[in-house]
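Thanks for coming. I have one structure to go through today, from the overall fold down to a few side chains. Please have it open while I talk.

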Amino acid sequence: MTEDSSGTSEHHTTLTRLLLFFTVIIWGSTFVATKICLAYLTPAEVLGLRLILALPALFLFMLFKKIKLDFNSAEKKRLLLGSGVFTAHFLIQITGMQFTSATNTGWIISVSPLAIACLSFVFLKEKIRDNVIFGIVVATIGILFLISKGSVSTLGWLKSPGDWLVLVSASTWALYTVMMRNLSRSKNPLAVTFALLLPATVLMIVYMSFTSDWSKFIDLPVEPLIAIVFLGVIAMGFANWWWQDGVAKIGASKAGIFLYLEPVATTCLAVPLLHEAFGYSTAFGGLLVLGGVFWAEKRK
């Protein structure tokens, strides 16, 4: 490899990591936006509207970049299965958020990298370096400290059904990420993202046609309207595309490490906007999480 090609590769890797960083910050913000929307909409309506807004945005971008959908029979089956897991993930997570806080959701969902790393090792044969394992352990201790509010010896933070559902959704996201890694590497990540969202969007439109009063969407106040547009176009559309691209380029387990930054973004927004609690345990746990991410991403 020449010096120029090495520099170009390094630039692309840096850009990929930067996009993954912005993606998880956006996703961390979605827990706050979702709580705002749940005051006016059901979990199915929140997911349905997100998909309805995301799909046209991605389609226009595909037209601009002249990207075509080109999948064989086996790939279409994988996409359909992945779309099912994707839909189940968000329905479980949003339903759980009806019964727990945005801050709790952000920290609990952060166990996803651990699940991703384990599934990647078992099914994708991705190697896990010692520093990644150490980083995951440190960050996980930070998460336990945060969600237990300093009482690490107890599991009282899992007393509500909302927390349990959010914990389940962390596993479904790990499964979704591992399932779609190879396809994102062999096909254009934008095309993969669009193809994943298409069946989910059709399913939710059909469901909402029988269960929702569409006229109420027109009368939504400004705050939930802005929140749902952000959740749909930015978080569901573009952020999912960036995630697929990042997983394809640096691997599922390495991309999964970035998910530890989600709760930091959630807490920074949930405290001022939703008036959720912030104490010493949150600050100390957050530092452990950030330290774990730094160590896991550190090169030899």
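One residue to begin with: Phe-21. Phe-21 counts as partly exposed, because its relative accessibility is 34%. Phe-21 sits in helix 1, which covers residues 3–37. Before I say what surrounds it, note that this is a predicted model, so local features are taken only where pLDDT is at least 70.

Phe-21 belongs to a nonpolar surface patch, together with Leu-15, Leu-18 and Phe-22. The four have about 360 Å² of accessible area together.

Now stay on helix 1 and move to Thr-23, which is also placed there. Is Thr-23 buried or exposed? Thr-23 counts as buried, because its relative accessibility is 0%. Setting aside neighbours within four places in sequence, Thr-23 is in contact with Ala-239, Trp-242 and Trp-243. Those three residues fall within helix 10, residues 222–250.

Let me step back to the whole protein. The count is 13 helices and 0 strands. Read from the N terminus, every element in the order is α.

On overall dimensions, the C-alpha trace spans about 55 × 50 × 30 Å along its principal axes. What radius of gyration would a compact globule with 300 residues have? The value would be near 19 Å, and the protein has 19 Å, so the two agree.

Buried residues make up 52% of the 300 residues. The exposed area of the protein is about 14,100 Å², and carbon and sulfur atoms supply 70% of that. As for contacts with a separation of 6 or more, 90% of them are between residues 24 or more positions apart.

Next, the salt bridges. How many does a search of the whole structure find? The search finds 3. I will take them in turn.

The side chains of Lys-216 and Glu-45 meet in a salt bridge at 2.9 Å, N to O. Lys-216 lies in helix 9, residues 215–218, and Glu-45 in helix 2, residues 43–65, so the pair ties together parts that are 171 residues apart in sequence. On accessibility, Lys-216 counts as partly exposed, because its value is 28%. Glu-45 is buried, with a relative accessible area of 3%.

Another salt bridge joins Lys-187 and Glu-75, with the closest N and O atoms 3.7 Å apart. This pair also links distant parts of the chain, 112 residues apart: Lys-187 is in the loop between helix 7 (161–186) and helix 8 (189–211), and Glu-75 is in helix 3, residues 73–96. Lys-187 counts as partly exposed at 24% relative accessibility. Glu-75 is buried, with a relative accessible area of 14%.

The remaining one is between Lys-249 and Asp-245, where the closest N and O atoms are 3.2 Å apart. Where do Lys-249 and Asp-245 lie? Both lie in helix 10, 4 residues apart, which is about one turn of the helix. Lys-249 is exposed, because its relative accessible area is 51% and the cut-off for exposed is over 50%. Asp-245 is buried, because its relative accessible area is 15% and the cut-off for buried is under 20%.

The last stop is helix 12, residues 262–274. Helix 12 has 13 residues and reaches 17 Å from its first C-alpha to its last, close to the 18 Å expected at 1.5 Å a residue. Just after helix 12, His-275 takes a positive phi of about 60°.

Which residues of helix 12 are buried? They are Glu-262, Pro-263, Ala-265, Thr-266, Thr-267 and Ala-270.

Take Thr-266, found in helix 12. Thr-266 is buried, with a relative accessible area of 0%. What does Thr-266 touch, not counting residues up to four places away in sequence? The list is Gly-28, Phe-31, Val-32, Ala-102, Thr-103 and Gly-106. Of these, Gly-28, Phe-31 and Val-32 fall within helix 1, residues 3–37.

To recap: the predicted model has 13 helices and 0 strands, and a search of it finds 3 salt bridges. Thr-23 in helix 1 counts as buried at 0% relative accessibility, and Thr-266 is buried with a relative accessible area of 0%. Phe-21, by contrast, counts as partly exposed and is part of the nonpolar patch on the surface. That is all from me.

Note on methods: Residues numbered from 1 in each chain as written. Predicted model: local features only at pLDDT ≥ 70, side-chain atom pairs only at ≥ 80, totals over all residues. Heavy atoms only, no water. Helix = DSSP H or I, 4+ residues; strand = E, 2+ residues; numbered from the N terminus. Expected span 1.5 Å × (residues − 1). Buried < 20%, exposed > 50% of the residue type's maximum accessible area, 1.4 Å probe, protein only. Patch = residues over 30% accessible without salt bridge, like charges linked within 9 Å, V, L, I, M, F, W, Y side chains within 5 Å. Areas by Shrake-Rupley, 256 points an atom, 1.4 Å probe, with all protein chains shown as cover. Rg over C-alpha atoms; globule rule 2.2 N^0.38 Å. Contact = heavy atoms within 4.5 Å.
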